[in-house]
Amino acid sequence: MEHRKPLLPTSSHEAPNPRSRKDLLVVLFGLLLLSSLVAFGGYRVSNVSHDHQRSNTNSPSPTSVPSSKWYPVSRGVSSGVSEKSSNKLFAVKEGASEAFPWDNSMLSWQRTAFHFQPEENWMNDPNGPMYYKGWYHFFYQYNPNGAVWGDIVWGHAVSRDMIHWLHLPLAMVADQWYDRQGVWTGSATILPDGKIIMLYTGSTNESVQVQNLAYPADPSDPLLVDWIKHPGNPVLVPPPGIGAKDFRDPTTAWLTSEGKWRITIGSKLNKTGIALVYDTEDFKTYELKEGLLRAVPKTGMWECVDFFPVSKKAANGLDTSFNGAEVKHVMKVSLDDDRHDYYSIGTYDEKKVFFTPDDSKNDVGVGLRYDYGIFYASKTFYDQSKERRVLWGWIGESDSEYADVAKGWASVQSIPRTVQLDTKTGSNLLQWPVAEVESLRLRNDEFKNLKAKPGSVVSLDIETATQLDIVAEFEIDKESLEKTTESNEKYTCSTSGGSKQRGALGPFGLLVLADDGLSEYTPVYFYVTKGSNGTLKTSFCSDQSRSSVANDVHKQIYGSIVPVLKGEKFSLRILVDHSIVESFAQGGRTCVTSRVYPTKAIYGAARLFFFNNATEATVTASFTVWQMNSAFIRPFHPDQKS
């Protein structure tokens with residue numbers, strides 16, 4: 001069978017690399033000419049009148065940031081935490097590298113509009129999230145002195161809805177010998193009488209990791225502005241056999257049947273990741289339990305352990321202390337070695353103090369992940385006001401530190417996600433943006449039953465494409481499914497060539513943050529293979545390889561397998577917010593978060609396309625695309641307390 005030529009550019013290097021404003025003008029005129037033609041094989045579907053044509057009038061005047069050579073520097077490892085430098089994490093070559101000539105307009109565009117981030121500087125792990133006296137509280141690892149990791153203290157913000165935020169004064173700073181090298185990650189526990197317990201890791205003046213207790217200075221204050229560190233800190237030190245830098249990140253406590261509180265703390269023994277367990281009655285003195293909650297060889301240091309119940313039947317969340325025959329337990333760890341968050345679903349034996357995964361292939365640290373993109377050090381909390389379990393995750397950068405310093409900030413937090421057991425499969429979790437984010441939706445465009453033949457690109461004509469909430473469904477025509485030859489083809493998002501790799505039944509999906517000439521674009525897509533027994537296997541991927549012409553940006557292809565059950569369409573939701581793209585397939589069975597740094601597909605030049613790069617299948621799709629308003633994220637003023 002003769003296949004149509006692939007219509008997507010196969011490499012971002014095919015795009016010109018602008019070196020001057022004169023070159024930029026030439027490129028832009030070229031792109032305008034390209035967009036006026038149909039030679040690239042696409043066609044346009046419009047719900048927007050000509051009165052709403054896009055413009056670049058909202059973009060700042062470009063001012064060049066001086067180009068410079070930069071050197072990758074390791075951050076965090078020598079202090080006893082995971083690598084915090086994206087350049088080291090993504091294996092940037094040693095020695096000097098030439099930074100891309102970013103201008104202020106490009107860098108300003110990268111700042112998000114409705115994801116939480118501080119006004120400036122570096123941020124990493126979410127800490128101690130909770131709902132208290134009508135306010136959602138969010139604490140986070142923060143460097144008040146710069147846009148790189150270091151000098152870590154606790155930032156603090158409050159919200160009524162987890163979308164609009166008010167920045168409060170720093171909650172805790174590194175002012176005691178037991179946290180002199182950093183006020184590191186911790187968790188909140190709300191006791192039955194309403195008292196708040198905050199446990200956190202401190203790095204001592206000798207870089208020993210210890211656990212410390214803090215509590216509100218004024219529990220009647222709904223904003224919890226002031227905090228007191230327990231005078232008897234530290235309350236826990238590394239036990240015998242555990243390294244001084246291998247003992248961190250206490251969990252939220254849960255109540256045992258004996259009336260004691262139980263926590264777990266991540267560590268390692270050689271290369272075996274482990275979770276230590278402690279019982280306490282007063283959060284000041286602790287008993288180390290025999291055995292381990294879980295230990296998995298070759299997984300390395302476990303950071304930011306999380307442990308919580310999920311209902312087998314109901315969609316609502318459960319308090320962390322809930323236990324019984326009607327629940328499963330989730331154990332999640334953040335792996336120091338690869339900077340990914342893995343979870344396992346299984347059974348918790350309180351008496352034996354032991355967690356057993358339902359599927360040994362999906363044990364802690366080796367199987368399922370919350371997110372197959374950039375998503376780390378996550379933490380859940382039980383929102384008692386709406387009976388839901390909510391997940392936060394740190395979304396780091398994948399550009400150069402040089403660019404981060406130039407723009408003055410680094411990292412964002414994910415949109416908070418609800419978490420529940422997928423009762424259809426029983427073997428994975430469902431994650432979904434909290435309903436409150438929908439309050440930001442503005443006007444929408446709907447596109448019904450669009451058909452894309454093999455090798456085609458369809459322009460979805462919307463006003464702007466920088467802040468979007470997209471809901472999509474796709475169907476492969478039945479004739480193609482039946483005619484496609486069975487094969488042993490194996491497809492892996494990260495190693496099989498991304499969206500340029502053409503198969504009979506994929507890839508197909510959306511190109512977000514694309515420019516008219518498709519010199520920059522980020523595909524979010526499905527890839528379907530038909531096995532030798534006729535069964536379909538679906539991958540869900542996000543491909544950054546052609547997302548930017550910049551040379552100092554890490555461009556990886558993320559994704560994994562997603563279960564698509566009989567009778568289900570291929571379904572997708574994408575939140576686009578400037579330099580972050582959060583994608584959810586099949587109701588949140590598989591999630592992929594990406595950081596994207598285009599140089600052309602920004603402001604009014606950003607476009608959205610539906611593409612089908614399959615060789616045989618015709619794909620029918622329907623889309624609803626909302627423009628998204630910006631969230632109010634700003635400093636707190638006393639008159640906003642009520």
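**Salt bridges, strands and burial**

User: In this predicted model, is Asp358 buried, exposed or partly exposed?

Analyst: The relative accessible area of Asp358 is 42%. Buried would need a value under 20% and exposed a value over 50%. Asp358 therefore counts as partly exposed.

User: Which residue forms a salt bridge with Asp358, and where does that residue lie?

Analyst: The closest N and O atoms of the pair are 3.1 Å apart, and the partner is Lys328. Asp358 sits in the loop between β20 (354-357) and β21 (368-369), 30 residues away in sequence, so the pair links distant parts of the chain. Unlike the partly exposed Asp358, Lys328 is buried at 18%. The partner is Lys328, placed in strand β18 (residues 327-335).

User: How many residues apart in sequence are the parts tied together by Arg417 and Asp371?

Analyst: The side chains of Arg417 and Asp371 meet in a salt bridge with an N to O distance of 2.9 Å. Arg417 belongs to strand β26 (residues 417-421), while Asp371 is in the loop between β21 and β22 (376-383). Because of these positions, the pair ties together parts whose separation in sequence is 46 residues.

User: Are Arg417 and Asp371 buried or exposed?

Analyst: Arg417 has a relative accessible area of 0%, and Asp371 has 1%. The cut-off for buried is under 20%. Arg417 is therefore buried, and Asp371 is likewise buried.

User: How many salt bridges does the structure hold?

Analyst: One further example joins Asp399 to Lys407, with the closest N and O atoms 3.2 Å apart, and both of these residues are buried. Elsewhere, Lys260, Arg262, Asp279, Glu287 and Lys289 are linked in a network of salt bridges. For the structure, the number of salt bridges is 35.

User: What percentage of the residues in the chain is buried?

Analyst: The chain contains five helices and 40 strands. Its accessible surface comes to about 25000 Å², with 51% of that belonging to carbon and sulfur atoms. Of the 642 residues in the chain, the buried share is 61%.

User: Among contacts between residues at least 6 apart in sequence, what percentage joins residues at least 24 apart?

Analyst: The salt bridge of Asp358 and Lys328 spans 30 residues, and that of Arg417 and Asp371 spans 46. Across the chain, among contacts between residues at least 6 apart, the share joining residues at least 24 apart is 67%.

User: Which strands stand at the edges of the sheet that contains β5?

Analyst: This open sheet has six strands in the order β24-β4-β5-β6-β7-β40, with mixed pairing. At one end, β4 (residues 121-132) and β24 run parallel and are joined by two bridges, and Asn121 stands opposite Trp409 in β24. The edge strands pair on one side only, and they are β24 (409-410) and β40 (633-635).

User: How many bridges join β5 to β6?

Analyst: On its other side, β5 pairs with β4 in the antiparallel sense over seven bridges, one of the facing pairs being Met123 and Tyr142. In the hairpin of β4 and β5, Lys133 takes a positive phi near 50 degrees. Strand β6 (residues 153-159) is also antiparallel to β5, with Tyr140 opposite Gly155. The number of bridges between β5 and β6 is seven.

User: How many of the residues of β5 are buried?

Analyst: Trp135, His137, Phe139, Gln141 and Asn143 point one way from β5, and Tyr136, Phe138, Tyr140 and Tyr142 point the other way. The residues on both sides are buried. The strand is largely enclosed by the rest of the structure, because the buried count is nine of the nine residues.

User: Which residue offers the backbone oxygen reached by the side chain of His137?

Analyst: His137 lies in strand β5 (residues 135-143) and counts as buried at 1% relative accessibility. Beyond its neighbours within four places in sequence, His137 contacts residues including Tyr132, His156, Pro222 and Leu224. The side chain reaches a backbone oxygen at 2.8 Å, and that oxygen belongs to Pro222.

User: Which residue in β11 stands opposite Pro216?

Analyst: Strands β8-β9-β10-β11 form an open antiparallel sheet. β8 (182-190) and β11 (227-229) stand at its edges, so each has a single partner strand. β10 (residues 209-216) is joined to β11 by three bridges. Opposite Pro216 stands Trp227.

Key: Residues are numbered from 1 along each chain as its sequence is written. This is a predicted model: local features need pLDDT of at least 70, side-chain atom pairs count only at pLDDT 80 or more; totals for chains, interfaces and linings use all residues. Side-chain values use heavy atoms; hydrogens and water are left out. Helices (H or I, at least four residues) and strands (E, at least two) are DSSP runs, numbered from the N terminus. Buried means under 20% relative accessible area, exposed over 50%, partly exposed in between (1.4 Å probe, protein chains only). Contact means heavy atoms within 4.5 Å. A polar contact is a pair of N or O atoms within 3.5 Å; within protein, one must be able to donate a hydrogen and the other to accept it, and residues adjacent in sequence count only if both atoms are side-chain atoms. Two strands pair if DSSP finds at least two bridges between them. A salt bridge is a side-chain nitrogen of Lys or Arg within 4 Å of a carboxyl oxygen of Asp or Glu. Accessible areas come from the Shrake-Rupley method with a 1.4 Å probe; for residues, only the protein chains shown count as cover.
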